[in-house]
Amino acid sequence: MTFPCQNHKVKRGGLQLTLIFCLVFSFFLCCTPAFAISYTYLDTGSQPDLVAHTEGDTRYYPGDTFQMSVLLTNKGRDTAMQVAPRLSAGAYDPSTALGVTVTPDAADAPVTLKTLPVVVGDIGQWDEARVTIYGTVRENATPGVYPIQIVVAFNYVYAIPMTDSSYSSINKLYNQKVQTLPARLIVMSEVKPSIISEKYENMVPGTQGYVIAEVRNTGYATGNKVLLGITPSDNITFQMVDEGVYLGRFGPDETASVRVRIAVKENTAAGSYPAVLDGKYWDADGIIHTIKPVHMGITVSRGAVIEAITKDLTISPGATETINVTYRNTGDTPAINAQARIIGNQVIIPVSDSVSFGILGPGESKTAQFRISAKSPIAGKKYDVDTEVKYQDGLGALMLSEKMSFGILVQKQEGPGAILSNPVYLIIIAGIFAILIYAVWKLYQKRSLNNSVP
Amino acid sequence: MGESLYMRYRDWRQIVLVFLVLCTGAGFCIIPCQAGEKYFSGGPELFVSLDSSNELVPGTTTDIPLVLQNKGKITMEFYNYYTIQPDYIPTTAKFATVMLLPGNAPLKVKSNPQAVGDIPAGVVVPADFTVEVPQDAKAGHYLMQAVVTYQYVPVVEQQSSTNIEYYFKDEKVVLPVHVVVKPMVDISVENTDSKDLHAGGEGYVTFTIRNTGNDTGNRASIFLAASAGSPVVPYSDGIYVGDLPPGGTAEPRFKVSVSENADPTQFYPLDMYATYNDFEGNTVQSPTISTGVKFGEKVRFERTGPPSVLYPGKTGILSATYRNSGNTTVYNAQARISVIAPFSSDDATAYLGDLLPGQSATAVFSVKTDKGTTIKAYSVNSQIQYTNSDNTAFVTENIPVIIDVQPESGNWIIIGLLLIVIILGGAYFWHRRKKTRAIN
C-alpha cells in the first residue's frame, strides 16, 4: 500500500485531505468482509427441499423381511445473499433443514413397516442423510410397484428481522415444513405352492411307502422346469427313495401332484412327523429360484401289527396233539397273504408248523391249527414256543412280524395211566397185591387143610 | 533553518497524525471481530428414535440402538461490540447421559446408563443398549423410557467487557421409545404321560402342550431334544401337530428310551420347542422350554424258593421261581439258563407268561449232572426275556440260580420192595411159627 504524503511539498490543505483520505480508508477497512465473514440472504423464498432415493435392490418377494436404505438429499439452495458483517458466521441458512424427522408410511403397499419415526439431524443444502426402513412384505402381496411414503418433517429459518433500532439484535423466524417423498418398492411374483391335500400309501415302519401331496401354485409367477420334493426333517427315521418330481411348467393357480417314495425306519412310532415341501424353478428370464419351504406332516401308520392272542396251551407228554393259536392284527393296515409259523425246540416238535389264513385285516383275529408232539418232556413244565407271521404289505413287499411266544404246559396224565406212572402208587399197589396174594394163599391153604381132615 | 525546522516539525506531526488515523481505522476493523452475540433460546429440545426395527422377539437378548437428536432453536440473538462471545450455546445439551428404562414393556434393560457427551442442536448422537426380552413376554405395543439428563446454559451474564459468567442448569427429560413385542407361539407343558416307561426300557411319552403365546402356530411341529447328559433320549426329534392357535392344545407323543442306570426317583430334563409359520408367513422357532419326564424303576426279577437238589451222574429237575419285583408288568416272559460243566442241558428255556408286579412263576429245566461232580452248591446263570406293552423285547441281567449237588440217595422203589419183602418175610415166619405151635 502506498501512502500519498510522501514529501515536504505537501501543503497545509494537503494534510486535511490526507486525514480525510485515511479516515475513509479506515472505514472501508472496517467494512472489509475478510474480517467478519458472514452472510445474510435476501428474501427469495429459499427453503430446504428434500428428495428421497432408495438405494440398492428394492425388489422383494411376499414374506420377505426387508431393510430398505433411503438416501435423503437436500436440494434447497440459496439464490442470492449479501455480506452480513455483524452476524456471526454460520448463524443462519434458510436452505438448511433443521432437526429432520423421517416417518415412513406404507400407504397402500402390502408391507408391514417396523420403523419408528427416525431422527437424522440437520441436513444442509446439498447434504445427505441416510435412513433405513425395516419391514415385512405380506405373504399375500400382489406383485407390483408400490410407493412407500417417506414423510420428512423439519424446521428452517425463513427470516431474521432486526428487532431494534440499533440493528444489534435479530429474531430468527422458523417455519415447519413437511414433505412426503415417494420411495419405490417392488413386490415380485413367485411360484408359491400350497398344499391342498396329503395322502399316504403304506407309510408303515420297516418298509417303504408313498407321500402324495396335491399342491396348487398360489403365487403369481409361472415356473419353468419346476422341481418339487418332500424332505423330512428327520433323515434317520426317514430315508428318501424318490426325492421329488419334475413338473415342467407350473403356472398360477395350477395344481400338481407330488408323489415321493420314502423308507420308514423299523420300530418308528405311529404319528405325524415334520417335513417340508420345497423345490426350485426357473423364471421367465432363466434365473433359478428356490421355493420357500412349506411345512407339512408325514403320517406314519402302525402298519400290520400281529399279536399271538393265545398265551397258554396244555398238552400231554408223548402224544401228538393239535393246538389252536389265535392271531390278531392290532395294527391299522391289513396283512395280505398272511402265513403263521411256529418254531419248535428240542422238546416241542411241530408236526405241521405253517398255516395260511389269507388277509388279516386291522382288528381281525384268526386261529391257526398246528400239530405238535412233546418228546421226553418234563411233566408240569411250561415250554415256550416261538411263532411269527409272514405277510405282504400294501405295496406287495414281504414283511415278517415280530417274533412272538406262547407257552405249552405239558400236563401229567390223569386216571390209571397217571397212577401207574407214579412209583409211590406202584409201591402201594404192590403192597396191596402182596397182601391179597397172601390172603388168597392163606385161604387156599385153609381149604386144603379142611379137605384133608377126614 | 527556522522554516526548515518548522517543516520538519510539521512533517513529524503529519506522520504521527496519519499513524493515529490508521490505528483508529484498524481499531474499527478489529472491534467487530472481538464482539460477541447473546442468544435467546428455549434450550435443548431432545428427541429419540430407534436405528433399527422396533420389533422385539421374546426369549432373546437384543440390541436397541437409540439415536438422540437435539432440535433446540435459537429464537433471538443480540449482538454488539461489547458482548463477549460465550463458550456455550444455550441450545447445546452438555454432558448428556441416557438411561433406558423398561417403562411398561415386559423386558429387562441390561445396559447401564450411557454417557453421550454434548449434543449440539441439529446433531444426532447414538446410544446403544442391550435388553433381554423374557420368553413369556406378552405381545403388544409398549413404551420404554429414555431418560436423558444433561446441563445447558440458559443464562450468560456478562459482568463487564472482560468478564462473563455462565449459569448451568440441570435438566432431565423422559422420552418415550415405542417398541413392539412380536407375537410368538410360546408352548408350555400341561401334562406328561409316561406310564409304562421305566429305566432301562423304551416307551412313549405323551405331552399335553398348550400355546400360551399370542400368535397362531401354522403348520406347527413340536421338537423334543435330550438335554445334555439326560438319560432320556427321544428316538425321533419332531412331531407334526398342525395348526396351534393361541390357547390351543396338542398332544404329541414321542418314543423315548431311558438309560438303564437312570434314577427313577428323579425327573430328567428334556428340551422342547415348536417351529411354525408365524402371522407373517415366516418360519419361526418358539422359545425352548425344559420339561421333566418321570419313569418307573427298572424291571427287576428275583429268584425265590429253595435251591434245587441234583445228584452226580443223574438228570434232574432244576426248578427256579422268579418273582417280578418291579412295578411294571412284563409280557411273554421266558426264562433261560446257561449251564456249563459239570452241568448240561438240552432243555434250557421255559415259558413264564405275563407277570404282573409281585407275581411269580416257576421255570423248570432238565439238567444233567456229571458223574464225579463235587458235592457242593453251584450257581447257574439265568436270564429272563420279556416284552413290554409295545412288544419290544428286553433281556434282564444275570439272575443266579443255585443248584445243590448232593450224594445220590436210595431208590424209593427198591426201598418199597425191600419193605414188602420184609413184610412178606415177617408174615411168612409168623405163619410158620404159628403153624409149628399148632402142630406141637
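Guide: Welcome! Two residues are in contact if their C-beta atoms, placed from the backbone, lie within 7 Å. The model is predicted, with local features needing pLDDT of at least 70 and side-chain atom pairs counting only at pLDDT 80 or more, while totals for chains, interfaces and linings use all residues. Residues are numbered from 1 along each chain as its sequence is written, and chains are lettered from A and ligands numbered from 1 in the order in which they are written.

Visitor: Among contacts in chain A between residues at least 6 apart in sequence, what percentage join residues at least 24 apart?
Guide: In chain B, the share of contacts with a separation of 6 or more that comes from residues 24 or more positions apart is 71%. For chain A, the corresponding share is 69%.

Visitor: How many strands does chain A have?
Guide: Helices (H or I, at least four residues) and strands (E, at least two) are DSSP runs, numbered from the N terminus. Chain B holds two helices and 31 strands. In chain A, three helices accompany a strand count of 30.

Visitor: In the open sheet of four strands in chain A, which strands stand at the edges?
Guide: Strands pair if DSSP finds at least two bridges between them. The sheet is antiparallel, in the order β13-β14-β18-β16. Two of these strands have a single partner each, so one side of each is left without a neighbour in the sheet; they are β13 (193-201) and β16 (238-242) of chain A.

Visitor: And what is the average twist from one strand to the next there?
Guide: Axes are lines fitted to C-alpha atoms (for helices, over the stretch in contact), and angles run from 0 to 180 degrees between N-to-C directions. On that basis, the average twist between successive strands is 35 degrees.

Visitor: Which strand gives the largest share of the largest nonpolar core?
Guide: Such a core is a set of buried Ala, Val, Leu, Ile, Met, Phe, Trp, Tyr and Cys residues joined through C-beta atoms within 7 Å; buried means 20 or more other C-beta atoms within 10 Å of a residue's own. The largest one has 68 residues, and Leu72(A) and Leu68(B) are among those with the most contacts inside it. Eight of its residues come from the strand asked for, β10 (residues 140-158) of chain B.

Visitor: In β13(B), what is the bridge partner of Ser188(B)?
Guide: Strands β12 (residues 187-193) and β13 (residues 202-211) of chain B are antiparallel, with six bridges. One bridge joins Ser188(B) to Arg210(B).

Key:
Buried ≥ 20, exposed ≤ 12 C-beta atoms within 10 Å, placed from the backbone.
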